[in-house]
Amino acid sequence: MNFIRFRSDSLCVENISALRLAKKYKTPFYCYSLAQLKNNFLRFNNIFKNIKPIICFSVKSNSNLTLLRELRKIGSGADVVSIGELLKAIKVGINSKKIVFSGVGKTEEEISKAVKKKILLINVESESEAILINKVSKKLSKKTSIGIRLNPNISGNTHKKISTGSKNEKFGLLYGDCINLCKKIQKMKNLKLEGLSVHIGSQITNIKPFKNMLSTLDKLIKRIKIDFKFIDLGGGMGISYSNKEKKLNLKKYSKLVEKFMKNKNAKIIFEPGRVIVGNAGLLISKILYIKKSADKKFIILDAGMNDLMRPALYNAKHQIMPLKKTSKRLAGNIEFVGPICESSDKFYNQKGFVKVKEGDYVGLTHVGAYGMSLSSNYNIRPTAAEVMVTGSNHKLIRKRQSLENLLKN
Ligand code: LLP
């Protein structure tokens, strides 16, 4: 079900035309469909209902408080990777027993906060980290639940910059090292080894890497004979960014996980980000100028790579939609670019575009995940506003950053 779609000629977010929103809020701004967000979460939950997983939404994909609060209301936990994300998850009322903390470089301050908050699992990625968590826990007279992250040496067959499961990546511990560390952790008095975790990458659309990941986990569990209370399978489920693209078959994945769970008592944890929020976001931007050049026309938007980094970082193909469809087409080659002083500040160019003029608006689709959360102040540009739509209502859920703030230092 798509809640951001054309209704006759108008691009709509639920029941509101994007053009109406564009006239109300200063561009560029992000706009989310609450129905889409909830629908994605509940669908995910439903597909995996037989294994009743703990779903820890990956806060790095979108950390807007209103959005997190809505997810908490429908049962989500949180996967966090920094003290900031941890505090946001707690702030929106997510129960600490539904929070997992991943990342290769947790600081002592971050560990100490997580220990005090008694979160579900701190997923350990190195021996030194385990030693530090043990030391911090001892100082605080706590016994901390931890997970250990396996690097299964499996390629996710995804963009190389978002692949995490191969042996040359910094993430997790290789098979042998993982087994050795499990044994050492069992002797650390202030740690409880409760979880085994893995995350092989993001935007994975093929089921095969997940299948291999599960069989490696299975092998490891049989070998070390630890009755893990939790098995955290991470996130990574890929979505389709256009009609032509393939997405991960979640139903097939759920069948594989069900099979994997036979004869195991553990509880499954998932850390999905993109699949929950990716298609729930639209970035609305204004056409500032149209400039003719040697053999193309540049359509210069007021949204740039500081607002949406994914095209510049990963050549991501976010479709650009006119807010009003017409049958007239723009002649010649066109290229959508942003205002930033970098040649990589350009967006994916689908062939042909409806006739637009300066002052018109466009929407970049599927920007709910790693859109706003990856944005920056490059070129001293304030970060965009965020708007939530539900049915026929809309509200501002984050103000556009003020320029004043940016002029302080
Ligand atoms: N768990 C861990 C340990 C992760 O590192 C990540 C993502 C997730 C869960 C959530 O993955 P998801 O379900 O969203 O694929 N900026 C990139 C994506 C980086 C993902 C980093 N880790 C992008 O825009 O494509």
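## Polar contacts of the ligand

In this predicted model, the side chain of arginine 274 places an N or O atom 2.8 Å from an oxygen atom of the ligand. The side chain of tyrosine 370 does likewise, with an N or O atom 2.6 Å from a ligand oxygen. Glycine 273 takes part through its backbone, where an N or O atom lies 2.9 Å from an oxygen atom of the ligand. All three distances fall within the 3.5 Å cut-off for a polar contact.

On its own the ligand has 590 Å² of accessible area, and the protein covers 91% of that area.

## The surrounding shell

The ligand occupies the second largest pocket. Around the ligand are 19 residues, of which Ser202, Glu271, Arg310, Tyr314 and Tyr370 come nearest. Tyr370 is thus among the nearest residues and also has the side-chain N or O atom at 2.6 Å from a ligand oxygen.

By residue class, the shell consists of eight polar, six charged and five nonpolar residues.

## Position relative to the domains

Two domains are assigned: domain 1 covers 4-31 + 278-406, and domain 2 covers 34-274. Domain 1 is thus made of two segments of the chain. The C-alpha centres of domain 1 and domain 2 are 32 Å apart. In the contact between them, domain 1 contributes 24 residues and domain 2 contributes 21 residues.

Both domains also supply residues to the ligand shell, with at least three from each.

Definitions and conventions: Residues are numbered from 1 along each chain as its sequence is written. This is a predicted model: local features need pLDDT of at least 70, side-chain atom pairs count only at pLDDT 80 or more; totals for chains, interfaces and linings use all residues. Side-chain values use heavy atoms; hydrogens and water are left out. A residue is near a molecule or strand if one of its heavy atoms lies within 4 Å of it. A polar contact is a pair of N or O atoms within 3.5 Å; within protein, one must be able to donate a hydrogen and the other to accept it, and residues adjacent in sequence count only if both atoms are side-chain atoms. Accessible areas come from the Shrake-Rupley method with a 1.4 Å probe; for residues, only the protein chains shown count as cover. On a 1 Å grid over the protein atoms alone, a cavity is a set of points where a 1.4 Å probe fits but cannot get out, and a pocket is an open set with protein on both sides within 12 Å along at least five of seven lines; lining residues have an atom within 4 Å of a point. A molecule sits in a cavity or pocket if more than half of its atoms lie within 2 Å of its grid points. Ala, Val, Leu, Ile, Met, Phe, Trp, Tyr, Cys and Pro count as nonpolar, Asp, Glu, Lys and Arg as charged, and the others, Gly among them, as polar. Domain bounds come from an automatic or database domain assignment. Contact means heavy atoms within 4.5 Å.
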